[in-house]
Amino acid sequence: MGTDRRRDGHGRALGLFALLGCGVALLSACGSMPVTGDVKAVDASQPGDSQVQVYAVAPRDNATPNEVVDGFLESMTSDDSDFRTTRKYLTKRAASTWKPSAFTTVLAKAPNRSDRPFHENDPGVTEVTYTLTGEKVATIDAQSAYQPLAPTDYNQSLHLVRENGPEGKEWRIDLVPDGLLLGQSDFKRLYRSVDKYYFAAGRTAEQSALVADPVYLRSRTDPVTGMDTVTQAVRSLLAGPTNWLRPVVDSRFPAGTALRKGVTSLAPDDRNVLKVPLNKKADGVGQRSCRMMASQVLYTLRDLTSARVEQVELQRSDGSPLCVLGTDQAEEFAPDGSSSGPDSQYFVDAKGHVERIPGSTKGSGTPEVVAGPLGDGPMRMGSVGVSRDEQWAAAVSRDRAALYVSSIVADGELPAAAVTSSAKNPNDRLSVPSWDGRGDLWVADRDPRRPRLLRLTGGAGKPQEVTVPSLDGGRIEALRMSADGVRIALLVTQGGHNTLKIGRIERRVPEAEQKVSVVDLRQAAPQLMDVTAMSWSGRSRLVVVGKEQGGVQQVRYVQADGSAPASGVLPGVNQVSSVAAADDEQLPLMAATSSDGIVKLSPGDNWQTVVKEGSSLVYPG
C-alpha cells in the first residue's frame, strides 16, 4: 500500500498510519471497515482528535540513522500492541530489555533530536549517538500517577550501531532509556485521567468515606497488558493506592487480590451488571468487606463506560458470586461522606452578616439571613465557612482578628472568639476558615511572627497547631479542606508569588492525643505563576483563579495531581476575589467579584449576577 511520507524541518520521516472517521469500528462505533479510500500518514505529535487510532510502521530496509531515530520516537506515540513494531527499531538485545511501561516522560512538545550528517553507507561508520532534547513538564510513574514538574530541560541520548539483518547491516538503537517519551498532545490523545477510590484510614465502618486517587490510564487498549480501559482501572484499583495517598487510605481488597488470570476485558451486560472475577485471595472475604470492595469498583468505573454500571458482582476464583452491590446501596460509602449534597450557598452581606442562598441546583434563591448571632448579631464579619451538615458556621471578623463558631439554625449569643490573631496588619491575620468531612474546623493565622495552621476538633475546644514541615519558608495565605478529610489545598506565598499546593493530612493516634500534620506538599497548578483563589470542585478537581506568566486573570479547572484537563479554561469573569464550587460538579460555580458582586456559572451557561453586594461566598465545607 502506498502512502505519502512527510518530512519536518529536521528531515524526520514520519512512519505512522492513522485510520480516521469510521476506519476503526472500535473507536467510532461504525459498523464496518471501509473498503475504499486512502490511508493517510499523519504526524502523531500534532494536536488532533483523541479518537484517531495510530499504527506504527516498521523501519524500511537500509533506513538511515535519522529515519531509525525518528521512526522509533513516532512509534512510541502509536497503539502498537506490546510495542512489537516499536522494538524493531532496536537491536535484539535492546528490544528484549527495554521496559516501556516503567514510566512516561511528558514534554511540552514532541522531542527534538540532534542532526548527525555523515555518509550512512560509509562502511567505516559503525556507531552514532543522538541527543534528544525538549522541555519536561511531567512524569507518569509505574503506578500511573501523574507528577507535574516546573518546566526543565530534558536531555537524553540514543546510541545506534550497525546490526546484521536479513538484508545485511542495518542501523538499530542499542542503548535506549526505559519508558516512553511523549509530547503533551500525544499524551492527552493516548491517556485519560481516572479516579480510583479507597477508604479514608482511621475511621470506623459507619464513618467510612471514599477518597479519590487519580491515575492516568491508556484511553483504549494498553499495549503492554492488552487490557481495555475498564479492566486497566480495576487492575490499578486492586494493585492499591498510589504512593502519595497510601499513608492515609485503606483498601478493603485483601493484599494480593487481582483479577483472575487471563482477564483482559470487562464490560457490563445488557442489565448493566459488571461481573469482576477475582483470584483466590478474595475467596474468604465477609459480606460487609465485600460490599465495601464493590463500592470501590462502582465509584471507580462511574464515568468510564458508555453504558452506566448499575451493579457490580464480585466473583470468587471458581466463578461463584462473592457479593453484589447496586449503585443505590453504594451511597452509604459516598466519597463526600453523604448521599446528599449541600442545600445552599453562603456569603457575607454588605452589613457584615452571614446570609444563605437556598436552592443548590440553581443558586438563585432569595438570600436570607441565617439564624443565630452570625446572622443578626452586633459583630461585623468578613468571611465565613459552613460545616458540611449546615448546622454550624465559623466566621472571621471584618478586621480578621477573631474567629467565632456558632449555630446557624438556632438563636443564641455570640460566643467568645475561638481563635484570635495578634498580627498588626489585617492582611496578616486569619484566613477564611474551612470544614473537613470529619467535622473539624481549619484556619490559618498568617501572623509573620508566628504563622500557624490550626485545627479545632469538631469545631470546638482548644485550637491545635498542625505542623507543615514541607512549607520551606512559605506562608499559608488560604486553605480549603477536601470532603474526605485527608487532603488540603493551600495557597502558599513564597518568593513574591502565590502557588497552589495539595498536602496529605496525617493523623497519629490515639485520638485524645492526636497529632496532625500536613506533609508531602505538591504543586497543583504549576502552569499558573500566581493563584489568587481556589476551591475544591468534585472529588479530585479544583477550580482556581490565577495568571500565567505575562497573562491576564483566568478561571480554570486543575486536577488534584497537578494535571490540567483539556477543557479546563472557563469563560472569563472580571476581578474575581473568591470562588466556590461544590463536590457535585452539576451545581453552579460561584464567584465573588469586585465589579459585579456575586455571580454564578451553571453548566452550559454564561456568568450571571446573583447578588449585587456580598463577599466570601462559600458552599458548605
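**Briefing: a disulfide, a covered helix and selected side-chain pairs**

The link of Cys-290 and Cys-323 is left-handed, with -85 degrees about the S-S bond. Because Cys-290 lies in helix 6 and Cys-323 in strand 15, this pair ties together parts that are 33 residues apart in sequence. The model is a predicted one, and a search of the whole structure finds 24 salt bridges, while the count of disulfides comes to one. The points below begin with the disulfide and its helix, and then turn to charged side chains, backbone angles and one phenylalanine.

**The disulfide**

- In the disulfide that joins Cys-290 to Cys-323, the S to S distance is 2.0 Å.
- Cys-290 has a relative accessibility of 0% and therefore counts as buried.
- Cys-323, with a relative accessible area of 5%, is under the 20% cut-off and so is buried as well.

**Helix 6**

- Helix 6 comprises the 14 residues 287-300, which at 1.5 Å a residue should span 20 Å, and the end C-alpha atoms are 20 Å apart, so the expected and modelled values agree.
- The helix is mostly covered, since ten of its 14 residues are buried; among them are Cys-290, Met-292, Met-293, Leu-298 and Tyr-299.
- The buried residues of helix 6 pack against one helix, helix 5 (229-239), and against strand 10 (191-200), strand 11 (210-218), strand 13 (273-277), strand 14 (311-315) and strand 15 (321-326).
- Strand 15 thus appears both as a packing partner of the buried residues of helix 6 and as the element that holds Cys-323 of the disulfide.

**Salt bridges**

- Glu-368 forms a salt bridge with Arg-356, in which the closest N and O atoms are 2.2 Å apart.
- This pair links distant parts of the chain, with Glu-368 in strand 18 (residues 368-369) and Arg-356 in strand 17 (residues 354-358), twelve residues apart.
- Glu-368 has a relative accessibility of 34%, and therefore counts as partly exposed.
- The side chains of Glu-477 and Arg-446 also meet in a salt bridge, at 3.8 Å from N to O.
- The two residues are 31 residues apart and link distant parts of the chain, Glu-477 being in strand 27 (residues 475-481) and Arg-446 in the loop between strand 24 (441-445) and strand 25 (452-456).
- Glu-477 and Arg-446 are both buried.
- A further salt bridge is the one in which the side chains of Glu-506 and Arg-504 meet, at 2.9 Å from N to O.
- Within that pair, Glu-506 is partly exposed at a relative accessible area of 25%, whereas Arg-504 counts as buried at 7% relative accessibility.
- Asp-428, Arg-446, Arg-475 and Glu-477 are joined into one network by salt bridges that share partners.

**A buried aspartate without a salt bridge**

- Asp-174, in strand 8 (residues 168-175), is buried yet has no salt bridge.
- The nearest side chain of opposite charge to Asp-174 is that of Arg-93, at 4.7 Å, and since a salt bridge requires the nitrogen and oxygen atoms to be within 4 Å, this pair is not counted as one.
- The side chain of Asp-174 does make a polar contact with the side chain of His-159, at 2.7 Å.
- Leaving aside neighbours within four places in sequence, Asp-174 is in contact with Thr-91, Arg-93, Ala-94, His-159, Leu-160 and Val-161.

**Positive phi angles**

- Most residues other than glycine have a negative phi.
- Phe-83 nevertheless has a positive phi, near 55 degrees, and is located in the loop between helix 2 (65-75) and helix 3 (92-97).
- Phe-83 is buried, with a relative accessible area of 2%.
- Glu-390, which is not a glycine, has a positive phi of about 60 degrees and is found in the loop between strand 19 (381-386) and strand 20 (392-397).
- With a relative accessible area of 14%, Glu-390 is buried.

**Phe-187 in helix 4**

- Phe-187 is placed in helix 4 (residues 184-190) and is buried, its relative accessible area being 5%.
- Apart from neighbours within four places in sequence, Phe-187 is in contact with Val-106, Ile-140, Tyr-146, Leu-182 and Tyr-216.
- The C-alpha atoms of Phe-187 and Thr-104 are separated by 9.1 Å, although the two residues are 83 residues apart along the chain.

Technical notes:
Residues numbered from 1 in each chain as written. Predicted model: local features only at pLDDT ≥ 70, side-chain atom pairs only at ≥ 80, totals over all residues. Heavy atoms only, no water. Helix = DSSP H or I, 4+ residues; strand = E, 2+ residues; numbered from the N terminus. Expected span 1.5 Å × (residues − 1). Buried < 20%, exposed > 50% of the residue type's maximum accessible area, 1.4 Å probe, protein only. Contact = heavy atoms within 4.5 Å. Lys, Arg positive; Asp, Glu negative; His and termini not counted. Polar contact = N/O pair within 3.5 Å; in protein donor to acceptor, adjacent residues only side chain to side chain. Disulfide = S-S within 2.5 Å.
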